[in-house]
Amino acid sequence: LRISLALNDGAPSVEAEPMISSVTDPEALRLKNELRELAESTQRGFVATKSERDKMNGIIYDLAKYNPTAEPLAPYYENASSGNNGPTLAGKWTLIYTDAPDITTLDSTPTAKLGRIGQECEPPYVKNVIEWKRPEWASGLPLSGTEDSRVLQKVCTKGKASPTNPMILDLVLAGLELTSDDDDDDDDNNNEFPNVVANKGLPAGLLSLNPLKLEGPLTAPFGQCEVLFLDEEMRIIKTGQNFLAINQRDLKEWF
């Protein structure tokens, strides 16, 4: 199954290649398929109407009854061990639907074109990843790069969970990262500043050579989230503000 999620008018779609799930209940599989179809038709929730959001909420809470994972946050326990053999939050995920307004309004940013949105969960970190690409209006500007040039923005948080409340993850803000693609070319000349900027554009070129990572000794509360459903391929969470997010673990990583 390949899912093509349109980003916005005129923008390329996101092709998501899900992994294989161990969930086999026919009703759960039907709900997952219905969820994916609605996520695609609403462009990740960005153009969803109220009735479509209500419909998605119903599907999500029906699917949550079939959640197969008792301890999805085990890697975030204080004394986490490697003995958990089931699926967990750890890994890289791609957003396929949300109703959170701080996300669904990102495509109105005038200075960059929104690409994919994901999350990198490497305990104790949870990094919210946004892919920014060159806007169409900048294609003729010097040092603007190509349509493949991109900047990855990562809002870094640290998570903590407990086996006494295994579905709740508490988060604190830890830092910010701005990066671009690593240059895999071994030619030293191509890795020199003028060539990198010429190939990738000024913002992506600078960050390719000098990624920005800000993390201080102090942290700030960032809220909490609740896992409603998690199997090998799909994860549904509810934020502390009662917004919903559906992410999928893809076979092909993009960050």
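Reader: In this predicted model, is L218 buried or exposed?
Author: L218 sits in strand β8, which spans residues 212-230. Its relative accessible area is 72%. The cut-off for exposed is over 50%. Because 72% passes that cut-off, L218 counts as exposed.

Reader: How far apart in space are L218 and A174, C-alpha to C-alpha?
Author: Along the sequence, 44 residues separate L218 and A174. In space, the C-alpha to C-alpha distance for L218 and A174 is 7.5 Å.

Reader: How confident is the predictor on average over the protein chain?
Author: Confidence is given as pLDDT, from 0 to 100. A score of at least 70 is reached by 87% of the residues. The average pLDDT of the protein chain is 88.

Reader: Over which residues does pLDDT stay under 50?
Author: Low pLDDT is a warning: the predicted coordinates should not be read in detail there. The stretch in question has eight contacts beyond four places in sequence in the model. pLDDT stays under 50 over residues 8-13.

Reader: Which strands make up the closed barrel?
Author: The barrel has eight strands, with antiparallel pairing. Neighbouring strands of this sheet are turned against each other by 35 degrees on average, direction ignored. In order, the barrel runs β3-β4-β5-β6-β7-β8-β9-β10.

Reader: Which residue is the bridge partner of T94 in β4?
Author: Strands β3 and β4 run antiparallel, and four bridges join them. In β4, the partner of T94 is G118.

Reader: How many bridges join β6 to β7?
Author: Take β5 and β6 for a start: they run antiparallel, joined by nine bridges. Y125 stands opposite K158 of β6 there. Strands β6 and β7 also run antiparallel, and the number of bridges joining them is ten.

Reader: How many residues lie between β6 and β7?
Author: Strand β6 covers residues 150-162, and β7 covers residues 165-179. Together β6 and β7 form a hairpin. The number of residues between them is two.

Reader: Which strands does helix α1 touch?
Author: Helix α1 spans residues 26-41 and packs on the sheet. Its direction makes about 70 degrees with that of β9. The strands touched by α1 are β3, β8, β9 and β10.

Reader: At what angle does helix α2 run to β10?
Author: Helix α2 covers residues 50-64. It lies across β3, β8, β9 and β10. Its angle to β10 is about 65 degrees.

Reader: Is A39 buried or exposed?
Author: A39 belongs to helix α1. Its relative accessibility is 0%. Buried means under 20%, so A39 is buried.

Reader: How many residues are in the largest nonpolar core?
Author: Strands β3, β4, β5, β7 and β8 each supply at least two residues of this core. Among the residues with the most contacts inside it are Y76, L89 and L169. A second, separate core has 18 residues, including L35 and M56. The largest core has 27 residues.

Reader: Why does the pair K154 and E120 tie together separate parts of the sequence, and how many residues apart are those parts?
Author: K154 and E120 form a salt bridge, with the closest N and O atoms 3.2 Å apart. Both residues are buried. K154 lies in strand β6 and E120 in strand β4, so the parts tied together are apart in sequence by 34 residues.

Reader: Which residue shares a salt bridge with E177?
Author: E177 stands opposite K154, on strand β7. E177 is buried, and so is its salt-bridge partner. The partner lies in strand β5, 50 residues apart from E177. With an N to O distance of 2.8 Å, that partner is K127.

Reader: How far apart are the closest N and O atoms of E131 and R150?
Author: E131 has a relative accessible area of 2% and is buried. R150 is at 9% and also counts as buried. E131 is in β5 and R150 in β6, 19 residues apart. In their salt bridge, the closest N and O atoms are apart by 2.7 Å.

Reader: How many salt bridges does the structure hold?
Author: Some salt bridges share partners, and these join K32, R36, D231 and E233 into one network. The number of salt bridges in the structure is 15.

Methods: Residues numbered from 1 in each chain as written. Predicted model: local features only at pLDDT ≥ 70, side-chain atom pairs only at ≥ 80, totals over all residues. Heavy atoms only, no water. Buried < 20%, exposed > 50% of the residue type's maximum accessible area, 1.4 Å probe, protein only. Pairing = 2+ DSSP bridges. Contact = heavy atoms within 4.5 Å. Core = buried A, V, L, I, M, F, W, Y, C linked by side-chain atoms within 4.5 Å. Axes fitted to C-alpha atoms, helices over the stretch in contact; angles between N-to-C directions. Salt bridge = Lys/Arg side-chain N within 4 Å of Asp/Glu carboxyl O.
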